Every structure is written in structure tokens, then in C-alpha cells.
Amino acid sequence: MRLSMDLELQDVPGQLLLALQPLRDNKANIITVVHHRDRKTPRGLIPVRLVVEMDRSKLDSVKAHLQNSGITLVRAGEERFMEAVSIILVGHILDSDLGDTINRIDSTGFAEVMDLEVTMPGLDEPSSAYLKIKATGKAEIQKAISILRQVGKQKELLVIEPIEVDAV
Amino acid sequence: MKEVRVSLIGYGVVGHGVVDVLNRKRDMLKDLGLNLMLTSITDHTGTITIDDGIDVDKILRERTLANVATSSMKGKEAIAAIDSELVVEVTPTNIIHGQPGLDHMEAALSGRKHVVTSNKGPLVVAYSRLKKLAKDNGVMLKFEATVGGTMPLISLVERTLTGNTIFGIRGVFNGTCNYILTRMAEENIPYSHALSEAQDMGIAEADPSLDVEGVDTAGKVVILANALFDLNIKYNDVDVTGITGVTPEALSLAKNRGYAVKLIGDVPALTVRPTLVPIGSPINVAGTLNSAAIYTDLSGTITVTGLGAGSIETASAILSDIISIYRTKRLNA
């Protein structure tokens, strides 16, 4: 299972190694480590975000080890949504039931609308909306986009998708 | 010195550019061993034929051939009657039926004359037929100027990137749409305002529908798909959405998140639609520029950008096609 953890480390040498030790001991596969030196907390601690693949049952043991080493574990949880995509919709977004449009994505179980900004220049004029969709993987992002394409056709909305960085 | 008798069909903006460029580059062409003699020009009013080459200074001042024509021959009749080995076809384009360019190209290729063109219509309508006609008659059909104007794309893929597998090409292929979207984003003005500005600047036509509804871009997608991907498709195979529905608010929302909105043509997906392009992407070009990203197996992604239209710029692509015909060493020759 993929988990993300937010830790806070003291700004002294060797802390990161100390934090990673219990993960190694529990055979966790580290996917990413982001060390925010520039964003110290008010207590002078350095936030670190880890994403790891590990057996969820080992989480308690990792937590206990971290605590014993004096490292603060702020949060640990399942990292469900690994991919994100930006989409813009143009048209009569509110009149065509924005709640329903969002629900078509959210009800999939593998993707959710995580951010939404709507601009309405005036009555009877088309509105524009920015949506950030997160999903469990790349394939699920593509499925979410194709759902929006269908919704766009039904509701006569212009769906502006991002260009794919890689060739198909 | 190889002497080549050239006939020009079409004497509008691009036709004038071709005459000008052939004249300007006369010495350079001779250094390459090519004596290109423009021996006839044909437009809707008639034909001027001068056996030892047309006096360029005299002709460039004329908007049409009405005052200088030496014969009333037009179109395919002129192509068949005049002794030349290369025809430059630059008549106005029609993406629906391809005429009159299609008849011109068929007449030239059947008469064993090479054809170099900037005219998309005939290629969109009848690419495979024209290509086969050229092959059967042992001549070449070159059309770099039809996609991306002066921006090298077809020759880049066919010659420079030869040996690579091309996975896809995505790009901005219409300068008018790109200008309108750029101005909407810069000034936060509505589509209709940016369009009328483009019309005043001579960037958009009085009837802009072929550009803004994505028809022109789709024509280029068809040409690229047929010429570089061997797909044998027609215009109706392309899923097309133009830019008329894009709002300044959509552009502003995109910009705040690090994106520009561009009309992107995609081969082999065969789509034309407004698309979010990261602001830092090399294909995010402004104004009337065109750009294309070519996705390859060996060379990674190659991006080219350049002026997509203009008299001299289009003529430059035509000139490079002409030269390439005489510099190509055929492997089986």
C-alpha cells in the first residue's frame, strides 16, 4: 500500500537518516522524500514529506520507532490520488448543473475534483471553470477526462484538456 | 548547369513571393548548378509566356496578369500546352473539393512535370491519388509550404529525422488563431474584439471561419497524417473544435495555473482543439507564429517554430522544395 507521511525533523545533522531507519527496518520502499529546508515550522523544525510503499500493519511499529527517536510524525495516511490534471470548461456551466458534472467524476471512486474556480462574466454569457482532478493513476486520469468529454458533449460545454507531454 | 523551365500557376500573394524569391536567389541557385527559368505564369486572367525567361522587374508591379498576358490560356490548358518541367501551383485553396488546384496538379503530374505547391486543398482531398500519379509518371510532388509555412516540418521528418520512428506530431498550425488567442490572453479582451483586430491587421480574412473553426488546421492534420504516417485519411476523419467558444476568462484561469490555451492539431490522434499548453513549453509560441513538437524514438522530442504564413516566407518553403527535387539522389537510380 502506498502511504504518505509528514514528519518534522530537528535542524541537526543525521536527523533524516534517523527518520528513514525504521522504514528500512520494516522493508518499506521509499518512493519520494521531499525535504522542505526553506519552510521551517514556528518551532524551528524542518518538514519532510515521504511517500512509501509498505504493509499498513507495519505503520504502528514505524510510528513507535520514530517517536523513540524524537521525531514528530504529524500525519500518516493512505496516498490514494497520485496523479492530477487541470481542465477548463467553458459554457453554461452552472445552468447545466455543475454539481452533477462534479459528481460524475467523484462517483467513479478512482477520481475526484479537488479544486474548482468558476468565473461568471454576466447573465446569459458563458462561464468558465478551472477544475483540478486527482486520480489513483494515469489510466484513471484518462478515464476521468473521457467522462468529462462525454459530459461536455451532452451539456454543450467546451472541454479544454492539457496537452499530453509524452507521445501517445 | 541544369536548366529548369518553371511554370507558375496562381499569381496572388504567394505567386508574387515566388517570383520575387526566384529572382533574388538566382545567383545562389546558379552556384548550386541550377538555372531556374520562369518561362510562364498563369492566373485567372490568362498566361504570360516568355521562352527565355520572364522579366521579373516588369511583372512584379502587376497585381494580375490582365495587362501583360501573352495568351488567354488558363489552368490545365496552359499546363498542358506550355513546355516546362516543373509547375509551382499556388492558386487559392479549397479544402472541400480541392479545385482548381486539383485539376492543375493532375494535369502537371500526368504530363510528367514535377509539382511544388503551397495549396492544401488538393492534398487534403486526393493525397494518395496525386502521390500515385507522381510515382507512375516518375516525377515528384512536394508540399512543404502547405503545413507551417516556412517552418520546416515535412522535410525535417522525411530527411533529417530519417531513421527515427515518429510517434506523433502536435502543434500550432494556424497563425490567425494563435494571434487571436494571444491577444485575448494578453489584453483580456473577448474573442470578437481580438478577431476584428486581426482582420484590421490583415491577419484574419473577412470570412475567418476556415481559420477560427479549425478547418485550416484540420487540413494540415490530414496532410501530415497522409504524408508522414501513411494513414490515408480524409478531412471527415478529424475531430475538430475551433476557438470561437474560448473566453478571456478561460484564458485567465489557465494562465493563473501556468497554462496557455492554444489551438493544437494532433497526429495521429486526428484531433484539432483548444488545448492547455504549459507556459514554459517550447510549443507555446505567441502571435502569428506556428510551432510543432515531433515525438521520435531515437531523438526524443524535437520542436520547431517559425512563421506560418506570408508571401516571402511561403515562397521560401517552395524554393527549398524545388532545390530538393534536383539535389535528391535517388537510391535506386
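Author: Two strands pair if DSSP finds at least two bridges between them, strands (E, at least two residues) and helices (H or I, at least four) being DSSP runs numbered from the N terminus. Residues are numbered from 1 along each chain as written, with chains lettered from A and ligands numbered from 1 in written order. The model is predicted, so local features need pLDDT of at least 70 and side-chain atom pairs 80 or more, while totals for chains, interfaces and linings use all residues.

Reader: How many helices and how many strands are there in chain B?

Author: Chain B has 333 residues, and 50% of them are buried (20 or more other C-beta atoms, placed from the backbone, within 10 Å of a residue's own; exposed means 12 or fewer, partly exposed in between). Along its principal axes the C-alpha trace of this chain spans about 60 × 45 × 35 Å. As for its elements, chain B contains 13 helices and twelve strands.

Reader: Which strand of chain B is joined to β10(B) by eight bridges?

Author: Strand β8 of chain B, residues 239-240, runs parallel to β10(B) and is joined to it by two bridges, with D239(B) partnered by T271(B). The antiparallel neighbour, in which G265(B) stands opposite V272(B) of β10(B), covers residues 259-267. The strand joined to β10(B) by eight bridges is therefore β9(B).

Reader: In the hairpin of β9(B) and β10(B), which residue takes a positive phi?

Author: This hairpin has three residues between its two strands. The residue with a positive phi, near 60°, is L270(B).

Reader: Which residue of β10(B) stands opposite P162(A)?

Author: Strand β10 of chain B comprises residues 271-278 and also pairs across the chains, for two bridges join it in parallel to β8(A). Because seven of its eight residues are buried, β10(B) is largely enclosed by the rest of the structure. The residue of β10(B) opposite P162(A) is L276(B).

Reader: Which element gives the largest share of the side of chain A that touches chain B?

Author: The contact between the chains takes 16 residues from chain A and 21 residues from chain B, where two residues are in contact if their C-beta atoms, placed from the backbone, lie within 7 Å. On the side of chain A, at least two residues each come from β5 (83-91), β6 (111-119), β7 (127-135) and β8 (158-162). The largest share, four residues, comes from β8(A).

Reader: Which helix gives the most to the largest nonpolar core?

Author: A nonpolar core is a set of buried Ala, Val, Leu, Ile, Met, Phe, Trp, Tyr and Cys residues joined through C-beta atoms within 7 Å. The largest one holds 116 residues, and I88(A), L89(A) and I180(B) touch the most other members. Seven of its residues, the biggest contribution, belong to the helix at residues 215-229 of chain B, namely α11.

Reader: With which residues is L89(A) in contact, leaving aside its neighbours within four places in sequence?

Author: L89(A) is one of the three members of the largest core that touch the most others. Beyond its neighbours within four places in sequence, L89(A) is in contact with A129(A), L131(A), L157(A), L158(A) and V159(A).

Reader: How many residues are in the other core?

Author: A further core lies apart from the largest one, and among its residues are L7(A), V48(A), L50(A) and I71(A). Its residues number 13.

Reader: What percentage of the contacts in chain B with a separation of 6 or more joins residues 24 or more positions apart?

Author: The contacts considered here are those in chain B with a separation of 6 or more. Residues 24 or more positions apart account for 70%.
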